[in-house]
Amino acid sequence: MGQESVLQRLREELERQQLTVATGESCTLGRVAASLGTPAGASGWLRGGILAYHPELKVSLLGVPERLIAERHVVSEEVARAMARGAAERLGADLGLGTTGLAGPTGADETHPVGMICLGAWLRRPKGSSREVSLCLHLDGDRTANIEAAVEAMHQLAYSLITSDTSDATIYY
């Protein structure tokens with residue numbers, strides 16, 4: 001399935017299920033929200049996005065616990081999931097999408113290399129239940145290619161989450 005097809009299917013499924021989406025983005029620089037909001041009619045599913053590049057903004061704007069960042073690192077699945085949930089809760093959406101990572105070419109350390117980008121998705125279901133999924137990508141492109149690949153992977157992750165019946169959404173990448 002081509003990328004435009006995944007994105008189109010995601011948009012169609014959001015509309016079909018009458019789900020709204022919000023993003024909490026760091027390394028993707030708002031490109032997930034932009035990709036969802038491009039077509040006419042996007043206001044039917046896109047609530048908005050928060051660009052929180054600096055860790056302090058992840059805490060103040062998205063509600064990511066400082067302790068979580070200190071214990072797990074700002075580039076982690078746990079932080080990506082917290083960003084997703086924070087975006088959904090703060091912007092009143094059913095689905096939250098979070099991205100955090102090191103697109104490159106700098107910022108790496110021993111355990112968090114350039115190209116490590118973590119994605120999180122959180123879905124509020126009827127009757128107060130919720131599901132969340134996350135993954136970390138290890139990409140080897142330049143900054144632009146890494147960001148594009150992360151956005152494409154987020155489309156797939158989000159689509160898998162909203163169309164699966166279990167908490168174990170599968171991503172094909």
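These legends go with several views of a predicted model of one chain.

**View 1. The whole chain and its order of elements.** Welcome to the overall fold, which holds 6 helices and 5 strands. Following the sequence from its start, you will meet them in the pattern α-β-α-β-α-α-α-β-β-β-α. The radius of gyration is 15 Å, close to the 16 Å that the globule rule gives for 173 residues, so the chain is as compact as a globular protein of that length. If you are setting up a frame around the model, the C-alpha atoms fill a box of roughly 45 × 35 × 30 Å along the principal axes.

**View 2. Glu13 and its neighbours.** Here we move in on E13, a residue of helix α1, which covers residues 3-17. Is E13 buried or exposed? Its relative accessible area is 12%, and because buried means under 20%, E13 counts as buried. Leaving aside residues up to four places away in sequence, E13 touches Y159, I162 and T163.

**View 3. Inside and contacts.** Back at the level of the chain, 49% of the 173 residues count as buried. Take the contacts between residues at least 6 apart in sequence: 62% of them join residues at least 24 apart.

**View 4. Surface and charges.** The chain exposes about 8,400 Å², and carbon and sulfur atoms supply 49% of that area. For anyone thinking about electrostatics, the chain carries 16 positive and 21 negative charges, and the mean positions of these two sets are 7 Å apart.

Key
Residues numbered from 1 in each chain as written. Predicted model: local features only at pLDDT ≥ 70, side-chain atom pairs only at ≥ 80, totals over all residues. Heavy atoms only, no water. Helix = DSSP H or I, 4+ residues; strand = E, 2+ residues; numbered from the N terminus. Buried < 20%, exposed > 50% of the residue type's maximum accessible area, 1.4 Å probe, protein only. Contact = heavy atoms within 4.5 Å. Rg over C-alpha atoms; globule rule 2.2 N^0.38 Å. Areas by Shrake-Rupley, 256 points an atom, 1.4 Å probe, with all protein chains shown as cover. Lys, Arg positive; Asp, Glu negative; His and termini not counted. Charge placed at Lys NZ, Arg CZ, Asp CG, Glu CD.
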